[in-house]
Structure formats: C-alpha cells, structure tokens
Amino acid sequence: MDTHATTSGDDVLQALRHWCEQPRCSADWLAIEQSRIDAFAAATGDRYWLHTDPQRAGREGPFGGTIAHGFLLLSLTVGDDVAEITRLPGIVHVLNYGLDKVRFLAPVACGARIRVHSRLDSLTEKRPGQWLLRQIKTIEVQGQAGPALMAEQLTLLMLARTSQDSGER
C-alpha cells in the first residue's frame with residue numbers, strides 16, 4: 001500500500017512537526033578511524049599530511065597524531081536524519097538545501113568517538129508541499145569539553161501531493 005497516497009497534508013505536517021520538535025542524538029558513538037579519514041581524503045583529494053600521515057602528524061603536528069577533516073565531520077551530521085525523515089508518511093524527497101554558520105570549533109583526533117546532536121531551529125513552508133527544515137547540528141566528542149563542530153543545516157522536504165492539493169474531490 002502506498003502510504004504517500006493515503007496520507008492527508010495535515011497528517012504529514014503533524015508527523016513532521018512532531019519529529020522536528022524532538023531533540024535528537026546519535027544512538028551510538030562513532031569511532032573516527034584512520035580508514036574513514038583516508039577514504040574521505042581519497043574521495044575529496046584532500047590528502048594533507050595532518051589527516052593522512054600518522055607518523056608525520058605524530059612527529060610534527062600540534063595534536064599528537066592525525067585529525068579528521070572538518071568536512072568529513074560535517075558530512076556525518078546528515079545520515080541519521082535523512083533515514084528517519086524518509087520513514088515519515090507523506091515525505092517523498094529529502095534534499096540538502098545548504099548550510100549556514102558552520103564552525104569547526106575543535107580538532108577531532110583519529111580514534112576519537114563522536115556523536116551528533118540535532119535540534120530544530122525552524123520549519124518554514126517555502127511553497128505548497130515544500131518545507132525548509134533548519135536544524136542546529138553539534139558534534140560531541142566523547143570525553144572532550146565543548147563541541148567540535150556546530151552548523152545550521154538546511155533541508156528541503158518535499159511532501160506527497162494529496163487529493164486536496166490537486167483539487168480532486
């Protein structure tokens with residue numbers, strides 16, 4: 001059964017607002033391993049030794065070893081929410097809309113464990129059937145005071161058209 005076709009616009013918005021109002025945190029801590037850092041470096045071409053050369057970073061770097069790329073950490077703020085939002089009835093597309101006020105506040109050492117916190121900042125209708133979700137994303141590092149990253153993440157949510165939307169009676 002296609003839940004998108006049987007869900008009213010009001011039901012979709014009610015479920016979406018309820019989901020958005022819940023502060024969320026990653027269920028599990030995620031270890032930032034060198035293999036993840038190296039894969040990110042290979043995908044982006046950013047092979048700066050402070051990220052990819054553990055021996056040199058240990059000898060010459062200011063952090064005692066390699067650190068995660070800031071943009072690697074930023075990319076980790078997306079996954080859980082997309083999976084959850086797409087499970088809501090009536091949501092047909094979840095699109096990255098951009099970022100505001102991204103701040104890399106502290107380095108994350110290779111081997112550190114992180115988790116992502118998400119908090120609703122706003123939910124605004126852009127046009128019928130399209131809503132802009134603004135969330136404050138924070139990366140917490142286990143055992144470290146203060147966050148490593150904070151960003152305002154923007155997501156465009158596209159809702160299924162209902163019979164009310166299309167004028168059907």
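**Briefing: cores and strand pairing**

The largest nonpolar core has 16 residues, and those touching the most other members are Ile 32, Ala 68, Leu 73, Val 108, Ile 114 and Ile 139. At least two residues of this core come from each of helix H3 (34–44), helix H6 (70–75), strand S4 (113–127), strand S5 (130–141) and strand S6 (149–159). The model is predicted. It describes a protein of 169 residues, 37% of which count as buried.

**Overall layout**

- The protein contains 8 helices and 6 strands.
- Their order along the sequence is α-α-β-β-α-α-α-α-α-β-β-β-β-α.
- Taking contacts between residues at least 6 apart in sequence, 68% link residues at least 24 apart.
- The protein has an accessible surface of about 9,600 Å², and carbon and sulfur atoms account for 51% of that surface.

**Nonpolar cores**

- Among the residues of the largest core that touch the most other members are Val 108 and Ile 139.
- H6 is the element that gives the most to this core, supplying 3 residues.
- Leaving aside residues up to four places away in sequence, Val 108 touches Ile 32, Ile 67, Ala 68, Leu 73, Ile 114, Val 141 and Ala 148.
- Of these contacts of Val 108, Ile 32, Ala 68, Leu 73 and Ile 114 are also listed among the core residues that touch the most other members.
- There is a second, separate core of 14 residues, including Leu 16, Trp 19, Trp 131 and Leu 157.

**Strand S5 and its partners**

- S5 is mostly covered, with 11 of its 12 residues buried.
- S5 pairs with S4 in the antiparallel sense, and 12 bridges connect the two strands.
- Within this pairing, Ser 118 has Lys 137 in S5 as its bridge partner.
- S4 and S5 make a hairpin with 2 residues between them.
- In the turn of this hairpin, Gly 129 has a positive phi of about 85°.
- S5 is also joined to S6 by 10 bridges, and these two strands run antiparallel.
- Opposite Leu 133 stands Thr 155 in S6.
- In a regular strand, side chains alternate between the two faces of the sheet.

**Strands and cores together**

- S4, S5 and S6 are among the elements that each supply at least two residues to the largest core.
- S5 is bridged to S4 and to S6.

Conventions. Residues numbered from 1 in each chain as written. Predicted model: local features only at pLDDT ≥ 70, side-chain atom pairs only at ≥ 80, totals over all residues. Heavy atoms only, no water. Helix = DSSP H or I, 4+ residues; strand = E, 2+ residues; numbered from the N terminus. Buried < 20%, exposed > 50% of the residue type's maximum accessible area, 1.4 Å probe, protein only. Contact = heavy atoms within 4.5 Å. Areas by Shrake-Rupley, 256 points an atom, 1.4 Å probe, with all protein chains shown as cover. Core = buried A, V, L, I, M, F, W, Y, C linked by side-chain atoms within 4.5 Å. Pairing = 2+ DSSP bridges.
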